[in-house]
Each structure stands twice: as C-alpha cells, then as structure tokens.
Amino acid sequence: MRNTLKLLAVVAALSASLAAQGGSDTKGKFFFKKNCKSCHAPGGSAKEITPLSKTQAQWKAYFAAGKHKKGAEKLDGLLKPEQVKDVQTFLVNHASDSPQPETCGG
Ligand code: HEC
C-alpha cells in the first residue's frame with residue numbers, strides 16, 4: 001500500500017512537471033488523431049505512428065529538434081506552436097516506456 005502511494009506521488013509529480021511545459025494531454029490526443037493520423041495510419045501515405053513508436057526521451061529529442069521529417073519542414077508548419085506542444089505532451093505521456101503507454105486506437 002505504501003509503495004502504491006509512493007508511486008502515485010511520483011506519477012503526480014511527473015504529470016505536474018509535464019503540465020508545467022504548457023501542453024495538454026487531452027488536446028494533444030485530439031490534434032494527433034486529427035492532424036497526424038491522416039497520414040500516419042495503416043493504409044495512410046506515411047508509416048503508422050502511435051505514442052508507442054518512441055520512448056519518452058526519443059519523443060522529447062524529436063520535438064526539441066522541431067523537424068517533422070528528414071529535411072527542413074518544421075512541425076510548426078503542420079500545427080500551431082501551442083498545438084505542437086499539446087501533441088508533444090500526449091506522445092511523451094503515453095510513450096512506450098511511459099507509465100501509461102497508449103496506442104491511440106492503432
Ligand atoms: C501530409 C501527411 C503527413 C502528416 C499530416 C504528418 N506526417 Fe509525419 N511524416 C509524413 C511523411 C511522408 C514522413 C516521412 C516518411 C515516413 O516516415 O513514413 C513523416 C515522418 C514523420 C516522423 C518520422 C518517423 C521516424 O520516427 O523516423 C514522425 C515522428 C512524424 N512524421 C510525426 C508526425 C506528427 C507528430 C504529425 C502531426 C503533428 C505528422 N507526422 C503529420 C507525412 C505526414
């Protein structure tokens with residue numbers, strides 16, 4: 001029981017630090033489905049991507065670089081900067097090594 005409480009405290013602290021970055025997990029999920037899955041889904045024009053495609057560190061590095069794909073195109077070209085932040089929060093929160101891995105409906 002004590003360990004469970006400790007774990008919850010850690011998770012709460014982590015969520016708080018992510019929230020401090022300003023992104024919204026819920027909005028990020030919405031924008032990811034709406035603006036990224038159009039191409040990144042089975043049968044789409046690009047390979048399938050879900051939060052599980054990368055670890056938390058890999059997603060952070062990806063968004064820190066700010067490039068969508070190899071080449072110069074910026075993520076900001078696809079979404080408004082605050083929406084990019086939301087998508088980042090969603091993807092990092094549910095990455096393959098996160099406390100709540102999520103496939104986003106596949
Ligand atoms: C118009 C279609 C399209 C949209 C919309 C789109 N992408 Fe892409 N994306 C591509 C293509 C094409 C590539 C390069 C080829 C590939 O990886 O399949 C790519 C590459 C990527 C990669 C690199 C894959 C890797 O790990 O090597 C990531 C990550 C990515 N996109 C994330 C996103 C995110 C996040 C969004 C929404 C904000 C998004 N994409 C929206 C077409 C799209």
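Colleague: Where does the ligand sit in this model?
Modeller: The model is predicted. The ligand takes up the space of the largest pocket.

Colleague: Which residues come nearest to the ligand?
Modeller: A residue is near a molecule if one of its heavy atoms lies within 4 Å of it. Here 15 residues surround the ligand. Cys36, Cys39, His40, Lys54 and His68 come nearest.

Colleague: What kinds of residues make up the shell around the ligand?
Modeller: The shell divides into 8 nonpolar, 4 polar and 3 charged residues. Two helices, α2 (25-36) and α3 (56-65), each supply at least two residues of the shell.

Colleague: Which protein atoms are donors of the iron atom?
Modeller: Donors are N, O and S atoms within 2.8 Å of the metal. In this model the protein donors are NE2 of His40 and NE2 of His68. They lie 1.8 to 1.9 Å from the iron atom of the ligand. His40 is in the loop between α2 and α3. His68 is in the loop between α3 and α4 (81-93). The pair links distant parts of the chain, 28 residues apart.

Colleague: What is the geometry of the iron site?
Modeller: The site is octahedral, with 6 donor atoms and angles of 87 to 179° among them.

Colleague: Which ligand atom lies 2.7 Å from a polar side-chain atom of Lys54?
Modeller: An oxygen atom of the ligand does.

Methods:
Residues are numbered from 1 along each chain as its sequence is written. This is a predicted model: local features need pLDDT of at least 70, side-chain atom pairs count only at pLDDT 80 or more; totals for chains, interfaces and linings use all residues. Side-chain values use heavy atoms; hydrogens and water are left out. A polar contact is a pair of N or O atoms within 3.5 Å; within protein, one must be able to donate a hydrogen and the other to accept it, and residues adjacent in sequence count only if both atoms are side-chain atoms. On a 1 Å grid over the protein atoms alone, a cavity is a set of points where a 1.4 Å probe fits but cannot get out, and a pocket is an open set with protein on both sides within 12 Å along at least five of seven lines; lining residues have an atom within 4 Å of a point. A molecule sits in a cavity or pocket if more than half of its atoms lie within 2 Å of its grid points. Helices (H or I, at least four residues) and strands (E, at least two) are DSSP runs, numbered from the N terminus. Ala, Val, Leu, Ile, Met, Phe, Trp, Tyr, Cys and Pro count as nonpolar, Asp, Glu, Lys and Arg as charged, and the others, Gly among them, as polar. Donors are N, O and S atoms within 2.8 Å of the metal (3.2 Å for Na, K and Ca); water is not among the atoms, so sites may look incomplete. Four donors count as tetrahedral if all angles lie between 85 and 135 degrees; four count as square planar and six as octahedral if opposite donors are over 155 degrees apart and all others between 65 and 115; anything else is irregular.
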